[in-house]
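Student: I would like a close look at a single part of this protein, with each term explained as it comes up. Please take the aromatic residues and what surrounds them.

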Amino acid sequence: MNRSAFESLDHLTTPHLADGCLRAGVPVRCGPAGLLPLSPGMRCAGRVRPVRHVGSIDVYFEALEHAVPGEVMVVDNGGRRDEACIGDIVALEVKAAGLAGMVIWGLHRDDGELRDIGYPVFSLGSLPTGPQRLHSRPADLFERAAVGPHGVTAGDVVVADSNGVLFLPADRLDAIAEAAIGYRATEARQIEAMRGGRSYRSQVRFADYLSRRQRDPGYDFRRHLREIAGAGEV
């Protein structure tokens with residue numbers, strides 16, 4: 001992963017990057033749709049700093065002993081809806097350590113205070129009560145976190161914005177970013193043309209697609225887009 005690819009994340013939305021994954025042949029790993037920012041406009045991107053919550057906030061402070069500024073703390077609380085696992089004290093401590101944000105597969109509390117802080121926090125929602133249990137610490141407490149169906153490690157990068165949360169393998173970031181930049185440029189040209197009065201259907205030769213599909217029912221729109229893109233027509 002080169003530095004320019006990482007820096008490009010600041011200028012690419014998660015939809016651009018998700019399409020970049022598709023173009024680069026990388027599986028798309030999105031956090032579940034309910035995983036949202038506390039406030040509109042919040043965004044963060046960085047290497048994953050995984051933490052598995054077991055009922056006590058000391059795990060976050062211990063994780064910070066090894067964290068690097070710019071990382072994003074990804075908290076696995078199993079998607080639980082019966083307890084909040086972070087609040088304003090944890091968020092302030094993580095912010096002070098220089099991390100770029102927090103993604104929580106679970107709930108937060110101190111909602112008003114967190115919004116006032118303005119630190120990027122993505123979670124499933126808020127709940128007044130904290131944990132009322134304490135589980136044993138697994139051996140991989142700081143090595144792996146689950147977010148929905150996906151397991152992430154320090155070998156992953158997370159990007160989170162108002163569209164949602166996306167996990168990217170760090171060793172494929174260069175290819176993903178390059179593909180995403182290409183997709184963004186194509187989309188910008190198409191939208192500019194639409195503003196100038198040229199419909200999207202005309203740009204992608206939609207009538208030709210319908211005609212081809214009538215002759216060949218197995219011909220799909222994605223294949224059509226690939227073919228006209230390969231011919232330099234979009």
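Tutor: The secondary structure of this protein comes to nine helices and twelve strands. Here helices (H or I, at least four residues) and strands (E, at least two) are DSSP runs, numbered from the N terminus. The model is predicted, so local features need pLDDT of at least 70 and side-chain atom pairs count only at pLDDT 80 or more, while totals for chains, interfaces and linings use all residues. Residues are numbered from 1 along each chain as its sequence is written, and side-chain values use heavy atoms, with hydrogens and water left out.

As a frame for the close look, the C-alpha atoms fill a box of roughly 65 × 35 × 30 Å, taken along the principal axes. Of the 234 residues, 42% count as buried. Buried means under 20% relative accessible area, exposed means over 50%, and partly exposed is in between, with a 1.4 Å probe and protein chains only.

Now the aromatic part. The structure holds four aromatic pairs. Rings of Phe, Tyr and Trp (its six-membered ring) pair if their centres lie within 6.5 Å; planes under 30 degrees apart count as stacked, over 60 as edge-to-face and the rest as tilted. Tyr209 and Tyr219 make a tilted pair, at 6.0 Å centre to centre and with 40° between the planes. Tyr209 belongs to helix α8 (residues 206-215) and Tyr219 to the loop between α8 and α9 (221-230), so this pair ties together parts that are ten residues apart in sequence. Tyr209 is buried because its relative accessible area is 7%. Tyr219 is also buried, with a relative accessible area of 3%. One aromatic cluster is formed by Phe206, Tyr209, Tyr219 and Phe221.

The ring of Tyr219 has a further neighbour: the charged end of Arg212 sits over it, 4.0 Å from its centre. A charge sits over a ring if NZ of Lys or CZ of Arg is within 6 Å of the ring centre and within 35 degrees of the ring normal.

Next comes helix α9. At its start, a side-chain oxygen of Asp220 reaches to within 3.1 Å of the backbone nitrogen of Arg222. This is a polar contact, meaning a pair of N or O atoms within 3.5 Å; within protein, one must be able to donate a hydrogen and the other to accept it, and residues adjacent in sequence count only if both atoms are side-chain atoms. Just after α9, Gly232 takes a positive phi of about 75°.

Arg222 also appears in the largest pocket, where Arg23, Tyr183, Arg222, Leu225 and Arg226 lie nearest the centre among 13 lining residues. The elements that give two or more residues to this lining are α2 (14-24), α6 and α9. About 590 Å³ of space lies in the pocket. On a 1 Å grid over the protein atoms alone, a pocket is an open set of points where a 1.4 Å probe fits, with protein on both sides within 12 Å along at least five of seven lines; lining residues have an atom within 4 Å of a point. Grid points are joined across faces, edges and corners, and a volume is the space filled by probe spheres set on the points.

Helix α6 (residues 173-195) is also the place of Ala188. Ala188 is partly exposed, with a relative accessible area of 45%.
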